[in-house]
Amino acid sequence: MATRFTASQSVEIAVPEQPIPIQHYLRQPQRLVKALVDNNRIQQLSEEVFRLKMRPLTFMSLSIQPTVDMRVWAESNGIIYLRSLGCEILGFEYINQRFALNLKGHLSPKEFSTGTRLQGKADLEVMVDLPPPFSFTPKPILEATGNGLLKSVLLSVKQRLLNQLLADYRYWVISQTKDKGLDGDSTELPILNAE
């Protein structure tokens, strides 16, 4: 019998003002993916589709390493969406054939009187038909363990987003303004020394 695990995570990030609004940065979903995941664990399959090799996960005494194909795209209003397209568990054919992962999320810029904030949410669901002896474990224990594991996965993604996204955005703005020949005028880049 399949067991369902779920987790959700919300995020809100204050965006420091830069010469180029973050909406322009968000039109490049591949930058967001690279801010979220180590470069050596990403394979870009097409303009919007990426294969992500997740870190190994330990569920009870079982260690698995999912590989997830994700579609990441931006709408013209600057909202980024992500959806899982497929998942594979390498090395565990029994679980791979009985495992389904569904991830969906969004990140959108919102304007406030205090400035721009990024608001987002991710929902992760896993359905898995566990082999014995796991299938004999009481369902509340399985669900608590599985839900906790998914919550920790989303929390680590959130932490990486909080740490990496603004740093990459700042780097991107600097590279864009240098390309346009603005780097000689210090008034064009007022935020460089601010944290």
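## A tour of the core and its aromatic rings

Select Tyr25 to begin: its relative accessibility is 1%, so it counts as buried. Keep in mind that this is a predicted model.

Now colour the largest nonpolar core, which has 51 residues. The members that touch the most others are Tyr25, Phe99, Leu103, Leu118, Leu161, Leu165 and Tyr169. Show helix H4, residues 139-179, next. Helix H4 gives the most to this core, with 11 residues. In soluble globular proteins, nonpolar side chains tend to be buried together.

**Leu165 and Leu32**

Centre on Leu165. Which residues does Leu165 contact, leaving aside neighbours within four places in sequence? They are Ile13, Tyr25, Leu32, Ala35, Leu107, Leu118 and Arg160.

Step across to Leu32, in helix H2 (residues 29-36). Leu32 is buried because its relative accessibility is 3%, below the 20% cut-off. Beyond its neighbours within four places in sequence, Leu32 is in contact with Tyr25, Ile80, Leu107, Leu161 and Leu165. Add a distance from Leu32 to Tyr169, C-alpha to C-alpha: 9.2 Å in space, for 137 residues in sequence.

**The aromatic pairs**

Display the rings of Phe, Tyr and Trp. The count of aromatic pairs comes to 3. Take Tyr25 and Trp172: their ring centres are 5.8 Å apart and their planes are at 65°, so this pair is edge-to-face. The pair links distant parts of the chain, with Tyr25 in helix H1 (residues 22-26) and Trp172 in helix H4, 147 residues apart. Is Trp172 buried or exposed? Trp172 is buried, at a relative accessible area of 6%. Add Tyr169 to the selection: Tyr25, Tyr169 and Trp172 form one aromatic cluster.

Move on to Trp73 and Tyr81. Here the ring centres lie 5.6 Å apart and the planes are at 25°, so the pair is stacked. Trp73 is buried, at 12% relative accessibility, whereas Tyr81 is partly exposed, at 22% relative accessible area. Then show Arg71. Its charged end sits over the ring of Trp73, 3.8 Å from the ring centre.

**Out to an exposed residue**

Finish on Asn163, back in helix H4. Asn163 counts as exposed because its relative accessibility is 53%, and the cut-off for exposed is over 50%. For a last distance, pick Asn163 and Ile95. Their C-alpha atoms are 33 Å apart in space, with these positions 68 residues apart in sequence terms.

Note on methods
Residues are numbered from 1 along each chain as its sequence is written. This is a predicted model: local features need pLDDT of at least 70, side-chain atom pairs count only at pLDDT 80 or more; totals for chains, interfaces and linings use all residues. Side-chain values use heavy atoms; hydrogens and water are left out. A nonpolar core is a set of buried Ala, Val, Leu, Ile, Met, Phe, Trp, Tyr and Cys residues joined through side-chain atoms within 4.5 Å. Buried means under 20% relative accessible area, exposed over 50%, partly exposed in between (1.4 Å probe, protein chains only). Helices (H or I, at least four residues) and strands (E, at least two) are DSSP runs, numbered from the N terminus. Contact means heavy atoms within 4.5 Å. Rings of Phe, Tyr and Trp (its six-membered ring) pair if their centres lie within 6.5 Å; planes under 30 degrees apart count as stacked, over 60 as edge-to-face and the rest as tilted. A charge sits over a ring if NZ of Lys or CZ of Arg is within 6 Å of the ring centre and within 35 degrees of the ring normal.
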